[in-house]
Amino acid sequence: MLREAYASARSQVVASLLTVAVVAGMCVAVLLTSARTAAAQQAVIAHIDALDTRSIVVRADASAGISTEIIDQLQTVRGIAAITALGPPTDAHNAGIPDGTAVPIRPLYGAVTGLTDPHSSVGPGAPARPPTAIASPLAALNLGLVDGQGGLLTEDGEGVAVTVGLRVPAYLAFLEPLVVRPVTVDWTGDTLDAPPVTVLVVLATSPAEVAVVTRLLNGLLAGADQSKIHLETSAQLAAVRAVVNGELNTYGRGTILGILATSAALTSINLLALVTMRRRDFGRRRALGATRMLIVTLLLTQVGILAVTGVAAGITISVITLNATGNITPPFTFIAAVSITAIIAALLAALPPALIAARRDPLHELRVP
Amino acid sequence: MTSAAVPLLAASGLKFSYVVDNPIIDNLHVEFPRETVTALTGRSGTGKSTLLYILGLMLRASSGYVLYDGTPVNTLSDSGRARLRARHFGFVFQDAALDPTRTVLDNIVETALYRGQSRKDAITQAHALLERFDVQLRASHKPGQISGGQAQRIALCRALLAGPAVVLADEPTGNLDPATAQLVVSALRSHAATGATVIIATHDPNLASSCDQHVSL
């Protein structure tokens, strides 16, 4: 059957080349369109994500009643990627520059999850043991710390050693210029002794988790003085992100479906023309003993061979084009899905012409007028 | 059921009409025994080819039966009739009906696919038949590159491949010179001698008179 289908395909050069070209064109159009759509989608989403769609920020007075206890409570919650808890700020300036710019120093409570964890967020030049305070590059610039380290003098007159190397993630950028003093809380459960938290930043694992985490956080904060707490979420931004992402996905799917449908229609028209032109051939086959099922199988096998050839050509052309133009190459699973879908679309498109061919009346086609 | 007394192919009470109330074949009873060459004769339009196609299970009679080895076969399903055609019937059409896009050899072995015969075996048999009909040098040619007489001999090779029990031939010598026509007739006669039945629709009185049996329509 495979040999006969292959031989039939070879004997009908124009129709075969047209089918291969349509299927190849289908793959090229889908892959190039989807790659461009995916790239545009990634860029748009990246822009939205840059606006910080996953964070929940709680600002509170020191007397609001939020303590480091909340860190332990949040660490068991699913859907949270990072927790940063800071204590009340104290202004400090470079001890070597009496009139220098003051920058707030904040206690950083640990061990906390997140990029500001003193054991993970310090730069490669930082000492193995955490220093008294760590400054971000921006804070170091404001403080005039030119050597990457130095001493600070707080407004209370306390001297604090400082090193530069704190990497501040985007979701904590609003705290810049940032200088933190890592504090290991030796708290035994006595709420009265637990240090107060004045800034709590919770980063959800995804924008979709923001609403759930916010509800949970509100529950945990229920015992605190609500008049001294201000909670900001990015829920609206997350909702916008979901809508934009959904719209782009729908557009991408619609485009791909449109291409598949158009290509399937072209394949079907091409095969209908072929079947019409070769009706005598199918009539002869029927007269010589080919069953209807065999005729259908033969035509579908023929189209299958051409579709596989077209898919191979289309993917090769697409990957070369995408690489040459610097576009994103879709993942293997997507390419495999497009290939299978293209072959199925071609086979489905071939089915009506195959059924028509199988119903050719042998006598009508063979009798000489 | 298979015995010498039962004709290999028979028509019983066969009736067929293209136009209502004007049957072209009406209550036909005829038997086609083994080892027999039968001529179907009659003027044009009397239903020779129609009867041939009804006997070949390509056309369904309005009523009556086609019996193969004593069993009614015209009532089989479409696929059942197609399989019977592929395995036990050979056809020589009026104009050879070869596929112009395939080689002569491909045309001959095409039916192997329909009867589930190995292609290798079919090719071996096809080469023997091509040699027998003196067209072995045309095996790789396309039908457009051979003469009408050669095409008819190729059609005969296709019909005789795998030794069918029934051979139906529609004007098989119509396009042939006398010598080739004689070659074809003797090949059909030889085939009938193997236990098959051969039915020829013809206008040629010489051919008809040389047949074992004569059915006039």
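Let's start with chain B, where buried residues make up 47% of the 217 residues. Keep in mind as you look around that this is a predicted model. Chain B is built from 7 helices and 9 strands. Its contacts often link distant parts of the sequence: of those with a separation of 6 or more, 70% are between residues 24 or more positions apart.

A good place to go next is the sheet. In chain B, 5 strands form an open sheet with parallel pairing, and their order is β6-β7-β8-β3-β9. The edges are taken by β6 (89-92) and β9 (213-216) of chain B; each has a single partner strand, so one side of each is left without a neighbour in the sheet. On average, and with direction ignored, neighbouring strands here are turned by 15° against each other. As background, strands of a sheet pair through backbone hydrogen bonds, either parallel or antiparallel.

To see one such pairing in detail, go to the edge strand β6(B). Its parallel partner is strand β7 (residues 166-170) of chain B, and 4 bridges join the two. Within this pair, B:V92 has B:A169 as its bridge partner in β7(B). Helix α6 (residues 178-193) of chain B packs on the sheet, where it touches β3 (36-41), β7 and β8 (197-201) of chain B. The direction of this helix makes about 150° with that of β8(B).

Now for the interior. In soluble globular proteins, nonpolar side chains tend to be buried together. Here the largest nonpolar core has 109 residues, and those with the most contacts inside it are A:V23, B:A155, B:C157, B:L188 and B:I200. Helix α2 (residues 13-50) of chain A supplies the largest share of this core, 10 residues. Apart from this core lies another, of 47 residues, which includes A:I105, A:L166, A:V201 and A:V210.

What does B:I200 touch, leaving aside its neighbours within four places in sequence? Its contacts are B:V37, B:A39, B:L40, B:A169, B:P172, B:L188, B:L207 and B:C211. One of these, B:A169, is the residue already met as the bridge partner of B:V92.

Finally, turn to where the two chains meet. The contact takes 24 residues from chain B and 21 residues from chain A. On the side of chain B that touches chain A, the elements giving two or more residues are α1 (48-55), α2 (78-88) and α3 (104-115) of chain B. The residues on that side divide into 10 nonpolar, 5 polar and 9 charged.

Note on methods:
Residues numbered from 1 in each chain as written. Chains lettered and ligands numbered in written order. Predicted model: local features only at pLDDT ≥ 70, side-chain atom pairs only at ≥ 80, totals over all residues. Core = buried A, V, L, I, M, F, W, Y, C linked by C-beta atoms within 7 Å. Buried ≥ 20, exposed ≤ 12 C-beta atoms within 10 Å, placed from the backbone. Contact = placed C-beta atoms within 7 Å. Nonpolar A, V, L, I, M, F, W, Y, C, P; charged D, E, K, R; others polar. Pairing = 2+ DSSP bridges. Axes fitted to C-alpha atoms, helices over the stretch in contact; angles between N-to-C directions.
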